[in-house]
Amino acid sequence: MEKPITIAVAGCGSRGLEAYASKALKYSDRMKIVAVSDTNPGRLARAKKMFGLNDDQCYDSAEAMLAKGRLAEVLFLCTPDRDHYKEAMTALALDYHLLLEKPISMYANECRDIERLALERRRQVVVCHVLRYTVFYQKLKEIIDSGAIGDVVSVQAIEAVGHWHQAHSFIRGNWRNAGLSSPMILQKCCHDMDILLWLTGKHCKRVSSFGSLKHFNAEHAPEGAPARCTDGCPAADTCPYNAVRFYMGRAERGWLGWPVNVLDPNPTVETIGKALREGPYGRCVYRCDNDVVDHQVVNLDLEDGVTVSFTMCGHTNYNNREIRIMGTRGEIRGDMEKKALEVLKFCGEQDQAEKEIVDITKFTTDFSGHMGGDVRMIDDLLDLITGEGDGTALSDITKSVESHLVALAAEKSRLNNGAVVEISEM
Ligand SMILES: NC(=O)c1ccc[n+]([C@@H]2O[C@H](COP(=O)([O-])OP(=O)(O)OC[C@H]3O[C@@H](n4cnc5c(N)ncnc54)[C@H](O)[C@@H]3O)[C@@H](O)[C@H]2O)c1
């Protein structure tokens, strides 16, 4: 039997440890964690215990681990957004293959630097565009490519972030402030830009965008609301964003996975209570240092006259993605939450269109982590490194850079009153 692929992990948080490295427990014949790093001692201790590592295999930062040279074949680079560039460049110079969390970087030139170095050193860089690996989008791509709806003319897509997810990650959490992380359209929606380009098979020529942070600011705080939900808020019973109800309610019901475990690596009713009283997740959503948008629309003008209209919105009940692909001979409507695609072929009478419902549950039962995308991406990466695949990554650095350029162009447009931005200028 082949030896398992050795992995070093930079950033043992939700993605690095819980979503990706933890797969080594299940697929021990395919991957082995040999070094881990995290600046948070609790996270590092959890990683050490999870893989039975010794002290020499645990580092208190990615920088300290990278300073030791190449310790494994692949680096899972899952540190905060603003650290990716420097660490990726160092790791590529050490000849690591990379599983690189998005965003690659918030600067177009840095995205290109990573691409250039990866190509120069012939290293694989798989960017974590997990949606590409879901059966939902793979089936959708298959149907489009089969020509079932003719040529794609226009696409309408929505990323419904979900009000609770908006509150957790983008108001109270790590991605609340573009200066500390990156703009919402990049950090959250580079996935959507990537999937839209991939599905249509077209390059993007230009974009325009509008959006703002409309609601989550002091102006909209309920009267008398204190800085923390733990401090006796008069609106506690009616506010949909009551942190005590959201996190403690889950902890008390025994749900200690994401997002509760973001508050503390060892979630219990006691540690979650302390985190709510003292940490960022107990803050009133109207009294945080957030500045990323809570809604944004983007128009894309693709090659061959194909258009896309995309909406990201935090003011939705569900955390979901919906899409409508309109072609010359039919249309497809997709709803991730419902795990279904509806394919309609035109026949001249709208009530008589040939209709097929593609039930995604018939093709997979694994809807864990990003609808099964996380695990399938890791599988694909391992195939790539062992040479079992076709030698190309579904989400390689070159394809991923384009999605970042489109997202950065959208942000540039939004900040310039919706002015059209040519991708060639980026
Ligand atoms: N692909 C996706 O769908 C997806 C989803 C969520 C997050 N992300 C991205 O993944 C990355 C990680 O996000 P997360 O949700 O795991 O965040 P997280 O906060 O749970 O994990 C990040 C970890 O990195 C650690 N860290 C910080 N500085 C470090 C350093 N210098 N060296 C080593 N460790 C360091 C932190 O202590 C933390 O444990 C982010 O860039 C984020 O945007 C991607």
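How many residues of domain 2 are in contact with residues of domain 3? I counted contact as C-beta atoms, placed from the backbone, within 7 Å. On that rule, 7 residues of domain 2 are in contact with 8 residues of domain 3.

**Ground rules.** I am working on a predicted model, where local features need pLDDT of at least 70, side-chain atom pairs count only at pLDDT 80 or more, and totals for chains, interfaces and linings use all residues. My residue numbers start from 1 along each chain as its sequence is written.

**Domains.** I took the bounds from an automatic or database domain assignment. They give domain 1 as 5–123, domain 2 as 131–216 + 291–366 + 396–425, and domain 3 as 218–282. Over C-alpha atoms, the centres of domain 2 and domain 3 are 31 Å apart. I then sorted the side of domain 2 that touches domain 3 and got 2 nonpolar, 4 polar and 1 charged residues. For the classes, I count Ala, Val, Leu, Ile, Met, Phe, Trp, Tyr, Cys and Pro as nonpolar, Asp, Glu, Lys and Arg as charged, and the others, Gly among them, as polar.

**Ligand shell.** Here I call a residue near if its C-beta atom, placed from the backbone, lies within 6 Å of the molecule. There are 27 residues around the ligand, and Gly11, Gly13, Arg15, Ala62 and Glu101 come nearest. By class, I find 8 nonpolar, 12 polar and 7 charged residues in the shell. Which helix gives the most to the shell? Helix 1 (residues 14–21) does, with 3 residues. My helices (H or I, at least four residues) and strands (E, at least two) are DSSP runs, numbered from the N terminus.

**The parallel sheet.** I let two strands pair if DSSP finds at least two bridges between them. One open sheet has 6 strands in the order 3-2-1-4-5-6, with parallel pairing. Strand 3 (58–59) and strand 6 (125–127) are at its edges with a single partner strand each, so one side of each has no neighbour in the sheet. I looked at the strand 3 edge: strand 2 (residues 31–37) runs parallel to strand 3 and is joined to it by 2 bridges. Ser37 is opposite Tyr59 there.

**The mixed sheet.** Another open sheet has 9 strands, ordered 14-13-12-11-7-10-9-8-15, and its pairing is mixed. I note strand 14 (354–359) and strand 15 (421–422) as the edge strands, each pairing on one side only. Strand 7 (residues 152–160) shows both senses: it is antiparallel to strand 11 (residues 320–327) over 8 bridges, and parallel to strand 10 (residues 307–313) over 7 bridges. I picked out one residue for each partner: Ile158 bridges to Glu322 in strand 11, while Glu159 stands opposite Met312 in strand 10. Further along, strand 12 (residues 330–335) and strand 13 (residues 340–345) are antiparallel over 6 bridges, with Gly334 opposite Leu341.

**Helices on that sheet.** For directions I used lines fitted to C-alpha atoms, for helices over the stretch in contact, with angles running from 0 to 180 degrees between N-to-C directions. Helix 10 packs on the sheet and touches strand 7, strand 8 (204–212), strand 9 (295–302) and strand 10, at about 155 degrees to the direction of strand 7. Helix 16 (residues 397–415) also packs on the sheet, touching strand 8, strand 9 and strand 15, at about 50 degrees to strand 8.

**Helix 7 against helix 10.** Helix 7 (residues 135–145) and helix 10 (residues 190–200) pack at about 30 degrees, with axes 9 Å apart. That is why I log helix 7 and helix 10 as roughly parallel; the bins are under 35 degrees for roughly parallel, over 145 for roughly antiparallel, 65 to 115 for roughly perpendicular, and oblique for the rest. Tyr137, Leu140, Lys141 and Ile144 in helix 7 meet Ile195, Trp198 and Leu199 in helix 10. I sorted this contact into 6 nonpolar, no polar and 1 charged residues.

**Backbone oddities.** Most residues other than glycine have a negative phi, and most peptide bonds are trans. So I listed what departs from that. The Lys102 to Pro103 bond is cis, with omega near -10 degrees; Pro103 is in the loop between strand 5 (97–100) and helix 6 (108–120). The Trp258 to Pro259 bond is cis too, with omega near 5 degrees, and Pro259 is in the loop between helix 11 (243–252) and helix 12 (260–263). His370, not a glycine, has a positive phi of about 55 degrees, and I find His370 in helix 14 (residues 368–371).

Note on methods:
Contact = placed C-beta atoms within 7 Å.
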